[in-house]
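Colleague: Could you take one part of this model and walk me through it closely? I would like to see how its packing fits into the rest of the chain.

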Amino acid sequence: MHHMQENIPAPVLLPPKSDLVSIVVLTFNSAETILETLASLLHQNYPALEVIIADDGSKDLTIAVVTEWISANGGNFERIEVIQAEINGGICANVARGYAVARGKWIKPIAGDDMLLGGAIRRFMEIASDNDCSVIVSQMKTFKKSSHVGNVFGEVMPSPEDAKAIQSDTLDLLKILRVRNVLPAPSVMLKKEDFENVGGIDRRFFHLDDWPLWINLLLHGKKIVWLPEPLVAYRVSENSISASKNSTLVKPEFLQDHITFYENYQVGHLPMFAHWDRMLEIFRFKMAKNALRKYPRFYTATGILRFLSPIYIKRRLRR
């Protein structure tokens, strides 16, 4: 007797579900630039995206512009949420709020005046799938806005020297980060679970959200991976969000952040000359901070103290 063989269809192999990525857009008085940032999110070619817009108490029309954009484009994302602080509390507080509500496995922060280049998230996630890491750092292009020819892209960052440093092993990179921050924050993507496991944002700081975080991640044995492709466009402007957190002329909080960084992340970890250099710089920062509100340009004047730095003197003697 012959048995009829049933035609059982072959199983359909479904593609693995993509990990959710949270794009956290950080805004403060970003009405003039935010549409360009948000438009760049539409060109990511990645299926699992949510957008968190964390606003640091904007006084302009940022929220109105964002709300209108969401009405027209919100359906392109799994979720969009807007979080608005009542008052300007600084970058650290704003980053902490945005990251806290993010549901993605990975977080991609972007300032409300920068842009993601096309396909950036997909490329980040390709690297994430091939590496057991906590942070991925790509190159980024600088750009300026020109009324005649649109955006004009300039140099690619970070510098070759900093890119080489980022590729160092954990201990060497940690030594470098004790002295200077070589990771360009606009082009970083990080794993949320690892961010939370190392304590998140150090809230002793006002503007310095990234530098202490990199050190804490490395101290916990986390891995940072270098991606030598420009995936982010960083706006070069004195009014940009990234530039504002480094403005010594108008922000005494900048000076206090660096005092706090030295006292909590550098002291006891630096070579002798670098330690003396930091001691001199902190003396300068403390002196300038007390006078900054009354004499806005006093910090620039205190720059003459740099000539007393043992590192400066050593460099001069070598010439």
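Modeller: Happy to; what follows is a close look at helix 8 and its surroundings, and then at a few other places along the chain. Please keep in mind that this is a predicted model.

A little setting helps before we zoom in. The chain contains 13 helices and 9 strands, and 50% of its 319 residues are buried. If we take the contacts with a separation of 6 or more, 78% of them join residues 24 or more positions apart.

Now to helix 8, which covers residues 211-219, and its first partner, helix 6, residues 170-179. Their axes come within 10 Å, and the crossing angle is roughly 155°. An angle over 145° counts as roughly antiparallel, so that is how helix 6 runs relative to helix 8. The crossing of these two helices is left-handed. On the helix 6 side, the contact involves Thr170, Leu173, Leu174, Leu177, Arg178 and Val179. Helix 8 answers with Trp211, Trp214, Ile215, Leu218 and Leu219. Sorted by type, the residues of this contact are 9 nonpolar, 1 polar and 1 charged. The spacing of such positions fits a familiar rule: an α-helix has 3.6 residues a turn, so residues three or four places apart point the same way.

The second partner is helix 10, residues 252-266, which packs against helix 8 at an angle of about 10°, with the axes 11 Å apart. Because the angle is under 35°, helix 8 counts as roughly parallel to helix 10. Here helix 8 uses Trp211, Pro212, Ile215 and Asn216, while helix 10 brings His258, Phe261, Tyr265 and Gln266. This contact divides into 5 nonpolar residues, 3 polar ones and no charged ones. If you compare the two lists, Trp211 and Ile215 appear in the contact with helix 6 and again in the contact with helix 10.

From the helix pairs we can move to the core. The largest nonpolar core has 39 residues, and those with the most contacts inside it are Val135, Val137, Leu177, Leu183, Leu190, Trp214 and Ile224. Helix 8 gives the most to this core, with 6 residues. Two of the names are already known to us, since Leu177 of helix 6 and Trp214 of helix 8 both take part in the contact between those helices. Trp214 deserves a look of its own. Leaving aside its neighbours within four places in sequence, Trp214 touches Val135, Leu177, Asn181, Leu183 and Val188. Another core, of 33 residues, lies apart from the one just described, and Val25, Leu116, Met125 and Leu227 are among its members. As a general point, nonpolar side chains in soluble globular proteins tend to be buried together.

Helix 3, residues 91-101, is a good place to look at burial. This helix is largely enclosed by the rest of the structure, because 8 of its 11 residues are buried. The buried ones are Ile91, Cys92, Ala93, Asn94, Val95, Ala96, Gly98 and Tyr99. Gly104 sits in the loop between helix 3 and strand 4, and with a relative accessible area of 5% Gly104 is buried. Beyond its neighbours within four places in sequence, Gly104 is in contact with Leu20, Ser22, Glu50 and Lys192. Lys192 is 88 residues away along the chain, yet its C-alpha atom is 7.2 Å from that of Gly104.

Finally, the backbone has a few spots worth your attention. Most residues other than glycine have a negative phi, and most peptide bonds are trans. Asn29, in the loop between strand 1 and helix 1, has a positive phi near 50°, and its relative accessible area of 36% makes it partly exposed. Asn45 also has a positive phi, of about 55°; this residue lies in the loop between helix 1 and strand 2 and is exposed, at 56% relative accessible area. The peptide bond from Met157 to Pro158 is cis, with omega near 0°, and Pro158 belongs to the loop between strand 7 and helix 5.

Key
Residues are numbered from 1 along each chain as its sequence is written. This is a predicted model: local features need pLDDT of at least 70, side-chain atom pairs count only at pLDDT 80 or more; totals for chains, interfaces and linings use all residues. Side-chain values use heavy atoms; hydrogens and water are left out. Axes are lines fitted to C-alpha atoms, for helices over the stretch in contact, and angles run from 0 to 180 degrees between N-to-C directions. Helices (H or I, at least four residues) and strands (E, at least two) are DSSP runs, numbered from the N terminus. Angles under 35 degrees count as roughly parallel, over 145 as roughly antiparallel, 65 to 115 as roughly perpendicular and the rest as oblique. A crossing is left-handed if the near helix is turned anticlockwise from the far one by less than a right angle, and right-handed if clockwise. Contact means heavy atoms within 4.5 Å. Ala, Val, Leu, Ile, Met, Phe, Trp, Tyr, Cys and Pro count as nonpolar, Asp, Glu, Lys and Arg as charged, and the others, Gly among them, as polar. A nonpolar core is a set of buried Ala, Val, Leu, Ile, Met, Phe, Trp, Tyr and Cys residues joined through side-chain atoms within 4.5 Å. Buried means under 20% relative accessible area, exposed over 50%, partly exposed in between (1.4 Å probe, protein chains only).
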